[in-house]
Amino acid sequence: MIERNRFLTILTHVVLVLGVLVVAFPVYITFVASTHTMEDVVRVPMPLTPGSHFLENYRIALLGERVGTGTHAAVARMMSVSFIMAIAIALGKIAISLLSAFAIVYFRFPFRIFFFWAIFVTLMLPVEVRIGPTYKVVADLHMLNSYAGLAVPLIASATATFLFRQFFLTVPDELVEAARMDGAGPMRFFFDVLLPLSATSMAALFVIQFIYGWNQYLWPLLITTEENMYPIVLGIKQMISSGGDAQTEWNIVMATAMLAMIPPALVVIGMQKWFVRGLVDSEK
Amino acid sequence: MAAISFRNVVKRYGKGKQELQVIHGIDAEIQGGEFVVIVGPSGCGKSTLLRMVAGLEEISGGEIAIGDRVVNTLEPAERDIAMVFQNYALYPHMSVFENMAYGLKIRKLPVAEIKARVDKAAGILELAHLLDRKPRQLSGGQRQRVAMGRAIVRQPQVFLFDEPLSNLDAKLRAQTRLEIQKLHRELGITSLFVTHDQVEAMTLAQRMIVMNAGRMEQFGTPEEVYHRPASTFVASFIGSPPMNLLKEAQGGRQGTITGIRPEHLDVTDTGWEVRTETVEMLGAERLVYGRLGSEQIIVRIEENKPAPVTGQAIHVRPREDRLHWFDAGTGRRIAA
């Protein structure tokens, strides 16, 4: 719907600007808080302009040189844990979903429909629901406080399987037949034809799943007990002292929060090009 | 150059009560190097038959042999055939070169050999300047040629074409038809070509198989099919406009259908009286749609002859040697 109407133009802009403010203001406050001293942050009212302790606060956060209560894990270490976990989850999900969607779409095997529905049903069982048994399994396998323990239980993904299934269904049958005539076996077809065609779907999924992995809180909270295996989202929470505002170094916590936002933002910005290319060069 | 034999070939889908037979025993011998067109209306089983030769559909009964090998249980890649698909089925992410080379790469031919074969095919099809392009950067006609190139480089025993011209516009279709003929003359590879378009069938075929409802109605040269159609179905399917099939024509025997093509009716002063209903001007000719008694009849008149006026009666006389008779019950031709 395209209408040239002065009033509507203004209205749409007002709505958009309001939307941006609602999203951006808390981020701004976080940033401001991360540039003041601890005392300034807890003063009422809180200053609304950036202070002069930017470098100092971020250095303390990154190196974990804080003195207050709560965890003292270095943010640099926590970010690398988060990064490895998020990458492992995203790549693992893509790999396993591609293969299971490939099996379901292109092979006729006994109980195919059953497996299809079994995967579908797991949509109803997110980590939170099956957290008890999952914890037991991971603990018995001695995977507590390990990258495997952080990533593996989160890798199975019905959503991604469905996404790829839908995509595979749109691949013309003639392409499969042409590959058969060319003498390509199933795995050749998968790697030579299906994977390159799925590239844009994979990129989209990677962004979504990376952020999903990065933002994990509950699962790492359960299975990590050592500070050097804390992912950053969990780390932020552990920095906040139970003793109340006065004992929490909010400026450092806020600096950590700002740092925690950077990698997902970079992934989105970096992969955006891929989306656009995928949309413009529609291959079919 | 391999011959293809169909021996009582049957195709069934489903099992038990839901079983549906779509091809009812096809017997045909296609000679090595022959260009055979399978033509029929949609749903007659012509594509299914071709796909059974290709190995993309299982053969439910009977045998198909290519050369002296029965291929029923062979994988498509083992049958030494190449196929051109209706939508070309090019790999969208590969360049023209890669598309043509892919099958050879899988068969592990030496790189130099692959390059030589692709270059040769590209030369024949005038694709040499397009080898680096992706399929989406090509026009429909170019894609079509790439699909043919992919078939040529394999140097197969048999070419299979599944309605490869149906996505081209009329002009390009005529041009590609000529190219396919030329290609067949040069390479001399046994070819099976499926189409629903009778003009394509008539122009391309050395012999044609006319199919209807899963049965082979006639197998013969285009001349035979046109001049001596084996059944009322063939008579009405081949030829445009279709043959007039009259149940109550004068001179027709009891229980027979008289067939006469619109182009074999001459306007005269006496003879059959046709009430004209519509006149179509097609350029070189006029088509007069009218009624002979209660039956619909079409008459073709050269453009230099006077045009009949709609609603008026004209008199036509069939050329005696061009009359056909068919059994009214079975629709089969009665030898005159």
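Reader: What separates domain 1 of chain B from domain 2 of chain B, in terms of their C-alpha centres?

Author: Their C-alpha centres lie 38 Å apart. The model is a predicted one, in which local features need pLDDT of at least 70 and side-chain atom pairs count only at pLDDT 80 or more, while totals for chains, interfaces and linings use all residues. Residues are numbered from 1 along each chain as its sequence is written, and chains are lettered from A and ligands numbered from 1 in the order in which they are written.

Reader: What makes these parts of chain B domains?

Author: The bounds come from an automatic or database domain assignment; in chain B they are 4–233 for domain 1 and 241–327 for domain 2.

Reader: Why are residues of chain A and chain B said to be in contact, and how many does each chain give?

Author: Two residues are in contact if their C-beta atoms, placed from the backbone, lie within 7 Å. Chain A gives 16 residues to the contact and chain B 17 residues. On the side of chain A that touches chain B, helix 9 (173–181) and helix 10 (186–197) each supply at least two residues, and the largest share, six residues, comes from helix 9. Both are called helices because they are DSSP runs of H or I with at least four residues (strands: E, at least two), numbered from the N terminus.

Reader: What makes a residue of chain B buried, and what percentage is buried?

Author: A buried residue has 20 or more other C-beta atoms within 10 Å of its own (exposed: 12 or fewer; partly exposed: in between), with C-beta atoms placed from the backbone. Of the 336 residues in chain B, 40% are therefore classed as buried.
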